[in-house]
Amino acid sequence: MTLDPYGDEELVELYDVDNPAGADHDYFRRVADAIGATKVVDLGCGTGLLTRALVAPGRVVIGIDPSPTMLNFARRQPGAEAVTWIDGDASVIASTGDVDLVVSSGNTMMHVSDDDLPSALKSCADALRTGGVITFESRNPVMRAWESWTREATYGERDTSAGHLREWVEVTEVDGGRVVFDAHNVFDDGRDAVYTTTLYFRTVEEITAALEDAGFGAITIQGGWHDEPATTDSRLLIFHATKH
Ligand SMILES: C[S@@+](CC[C@H](N)C(=O)[O-])C[C@H]1O[C@@H](n2cnc3c(N)ncnc32)[C@H](O)[C@@H]1O
């Protein structure tokens, strides 16, 4: 059994401090408003900061995440009662065919393994109505971000609600687009909480093909949160696709 990289009760308290609402949240809210979404699923919702921001009058919002620590934190936040929270991955999304929008933020799709990606996208498609939209971002493998994930380049110290923290990340394995890294978190008492994450860096072609195989079309790709065109040196690839 692998340790949940989001499973630390102390570190989950810091997640929203480290990942505040930004241009990404504005983008996802814009998409929801533009299509007049009345039912939205946030896959891999984590602490639910975006999920709660998607709540609007007459709109059903569902947040899904496989990390009990993240989801229980989300359930405790102000406004959480307006969201339906479900434990699990894409396999728990109900095939209702009436969802207007599936969002997945914070590079969550990169956590889905190559083996699981087809069924995860198919579950999203089965939940969506015809014409419904899926949108998510994924890091551009061309930029090889993992090459800077070294102890030297990422080391930092700070005072947090969990005490003084020394932290860094370190890549331990690269196999094609599959990148494994350890996040080290050394607390005051010397304890080093090490969490291992595997991310799948996928090309435009790989993600486009996976979306098409799952029943999506009209696929567009942006290179930033403000309609920037995707280029080879875009840091992020933001996919927007419509269910046939
Ligand atoms: C970087 S966090 C992003 C959380 C949130 N979406 C955000 O924007 O802050 C990645 C989340 O993906 C979840 N996750 C990991 N594997 C997943 C999978 N196979 N399916 C769905 N979510 C997954 C983790 O539990 C974690 O909460």
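Colleague: How far is the polar side-chain atom of D65 from an oxygen atom of the ligand?
Modeller: In this predicted model, the distance between them is 2.7 Å.

Colleague: And how much of the ligand does the protein bury?
Modeller: The ligand alone exposes 600 Å², and 87% of that is buried by the protein.

Colleague: What does Y15 do there, in terms of distance to the ligand?
Modeller: An N or O atom in the Y15 side chain sits 2.8 Å from an oxygen atom of the ligand.

Colleague: Which part of G44 faces a nitrogen atom of the ligand, backbone or side chain?
Modeller: The backbone: a polar atom of it is 2.7 Å from that ligand nitrogen.

Colleague: How many residues surround the ligand?
Modeller: There are 16, and the closest are Y6, Y15, G44, D65 and S105. By type, the shell has 7 nonpolar, 7 polar and 2 charged residues.

Colleague: Moving on to the sheets. What is the strand order in the one with 7 strands?
Modeller: The order is β3-β2-β1-β4-β5-β11-β10, in an open sheet with mixed pairing. At the edges are β3 (83-87) and β10 (216-222), each paired on one side only. Neighbouring strands there are turned by 15° on average, ignoring direction.

Colleague: How do β5 and β11 pair?
Modeller: Antiparallel, over 7 bridges, with β5 covering residues 128-139 and β11 residues 236-243. Within that pair, V133 is opposite T242 of β11.

Colleague: Which strands does helix α2 lie across?
Modeller: Helix α2 (residues 23-34) lies across β4 (99-104), β5, β10 and β11, at about 170° to β5. Helix α4 (residues 68-76) lies across β2 (60-65) and β3, at about 165° to β3.

Colleague: What about the sheet of 4 strands, parallel or antiparallel?
Modeller: Antiparallel, and open, in the order β6-β7-β8-β9.

Colleague: Why is one side of β6 and of β9 left without a neighbour?
Modeller: Because β6 (156-160) and β9 (192-200) are the edge strands, each has a single partner strand. The twist in this sheet averages 25° from one strand to the next.

Colleague: Where does H164 of β7 sit relative to β6?
Modeller: H164 is opposite D159. Strands β6 and β7 (residues 163-175) are joined over 5 bridges.

Colleague: How many residues are between β8 and β9?
Modeller: The hairpin they form has 5 residues between the strands, and G190 in the turn has a positive phi of about 90°. The two strands pair over 9 bridges, and V180 stands opposite T198 in β9.

Colleague: Which helix lies across that sheet?
Modeller: Helix α1 (residues 9-18) lies across β6, β7, β8 (178-186) and β9, at about 105° to β6.

Key. Residues numbered from 1 in each chain as written. Predicted model: local features only at pLDDT ≥ 70, side-chain atom pairs only at ≥ 80, totals over all residues. Heavy atoms only, no water. Pairing = 2+ DSSP bridges. Axes fitted to C-alpha atoms, helices over the stretch in contact; angles between N-to-C directions. Contact = heavy atoms within 4.5 Å. Near = heavy atom within 4 Å. Polar contact = N/O pair within 3.5 Å; in protein donor to acceptor, adjacent residues only side chain to side chain. Areas by Shrake-Rupley, 256 points an atom, 1.4 Å probe, with all protein chains shown as cover. Nonpolar A, V, L, I, M, F, W, Y, C, P; charged D, E, K, R; others polar.
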